[in-house]
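Please read the following report alongside the sequence and the three-dimensional view shown here.

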Amino acid sequence: MESKEVQKLYTEKASFYNFFFLDFLGVGRRIENFFRQSGYIQPRLKILDAGCGTGNITKILYTIADEKKYKDVIFHAFDLTQAMLDLFRQWVEKISAGNITMKQADVLNLKQLPPDWSEYDLIISCGMLEYLSKDKIRQALGDLKRLLKHNGKLVIFITSRNIITKLFIERWWRAHTYEGKELQKIFLDIGFSKFKITKRWWRSMFTVEAEK
């Protein structure tokens, strides 16, 4: 889909996205379990949530960091759709989280981001890359890679192809799904030599963990 189509779709379905994907399908809970078991959250990190939507990944990581008393973690987040960011901002303001900053931006035009949005220890992306045309995903991931510091980590959650995801993701949400071999080639093409691809959650999603 083009950027304007994605904005329109998510503006219309911003609240429903939270209910369907995060609550009904339980994706939010499973991602939280993943990060609680992973050890990714450490003191003094600089983290970017790319395509943050309503902020669910950042909320999870912020909560884990807060529980561990890591007050010096910096969170940046961007999304294409202002309606999503508005829902996220309500939560940030409610808890007075001064270490979370968000911007409206397109992953295919990261020059929109402030100059200091770089040198990240950790970049996370969940449910965004599926909405790019397949000829653009290498550009997006390559540009995100450039925002990582040396030895920085990129973790993406992206929909795998099966009968269920073809119905709900490809037809209903007009997005793309992927095979493991496709993702492996993409990450090799953009210069990642250290990465791991894992199929999760009823074989409906891949986790790709890559190191710069």
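The paragraphs below take up model confidence, overall composition, the sheet with its helices, and one helix in detail.

The model is predicted, and the mean pLDDT of the chain is 85, with 80% of its residues reaching 70 or more. Among the elements, strand β1 (residues 46–50) has the highest mean pLDDT, at 98, whereas helix α1 (residues 3–12) has the lowest, at 47. Over residues 5–16 the pLDDT is below 50, although in the model this stretch has 28 contacts beyond near neighbours in sequence.

The secondary structure of the chain amounts to eight helices and seven strands. Of its 212 residues, 50% count as buried, and the chain exposes about 10,600 Å², of which carbon and sulfur atoms supply 51%. Where contacts with a sequence separation of 6 or more are concerned, 75% are accounted for by residues 24 or more positions apart.

The seven strands of an open sheet follow the order β3-β2-β1-β4-β5-β7-β6, and their pairing is mixed. At the edges are β3 (100–104) and β6 (194–200), each of which pairs on one side only, and from one strand to the next the twist averages 15°. The edge strand β6 pairs with strand β7 (residues 205–211) in the antiparallel sense over seven bridges, and here Lys 196 stands opposite Glu 209 in β7.

Two helices that touch or cross strands of this sheet are set out in the table.

| Helix | Residues | Strands involved | Angle between directions |
|---|---|---|---|
| α5 | 82–95 | touches β2 (74–79) and β3 | about 165° with β3 |
| α8 | 180–189 | lies across β5 (148–159), β6 and β7 | about 160° to β6 |

Helix α5 is thus described as packing on the sheet, while α8 runs across strands that include the edge strand β6.

Helix α4 (residues 56–67) allows a check of its geometry: at 1.5 Å a residue its twelve residues should span 16 Å, and because its end C-alpha atoms are 17 Å apart, the model agrees with that expectation. How many of the twelve residues of α4 are buried? Nine of them are, so that the helix is mostly covered, taking buried to mean under 20% relative accessible area. The buried residues are Asn 56, Ile 57, Thr 58, Lys 59, Ile 60, Leu 61, Tyr 62, Ile 64 and Ala 65. After α4 comes Lys 69, whose phi is positive, near 65°.

Conventions:
Residues are numbered from 1 along each chain as its sequence is written. This is a predicted model: local features need pLDDT of at least 70, side-chain atom pairs count only at pLDDT 80 or more; totals for chains, interfaces and linings use all residues. Side-chain values use heavy atoms; hydrogens and water are left out. pLDDT is the predictor's confidence in each residue, from 0 to 100. Helices (H or I, at least four residues) and strands (E, at least two) are DSSP runs, numbered from the N terminus. Contact means heavy atoms within 4.5 Å. The expected span of a helix is 1.5 Å times one less than its number of residues. Buried means under 20% relative accessible area, exposed over 50%, partly exposed in between (1.4 Å probe, protein chains only). Two strands pair if DSSP finds at least two bridges between them. Axes are lines fitted to C-alpha atoms, for helices over the stretch in contact, and angles run from 0 to 180 degrees between N-to-C directions. Accessible areas come from the Shrake-Rupley method with a 1.4 Å probe; for residues, only the protein chains shown count as cover.
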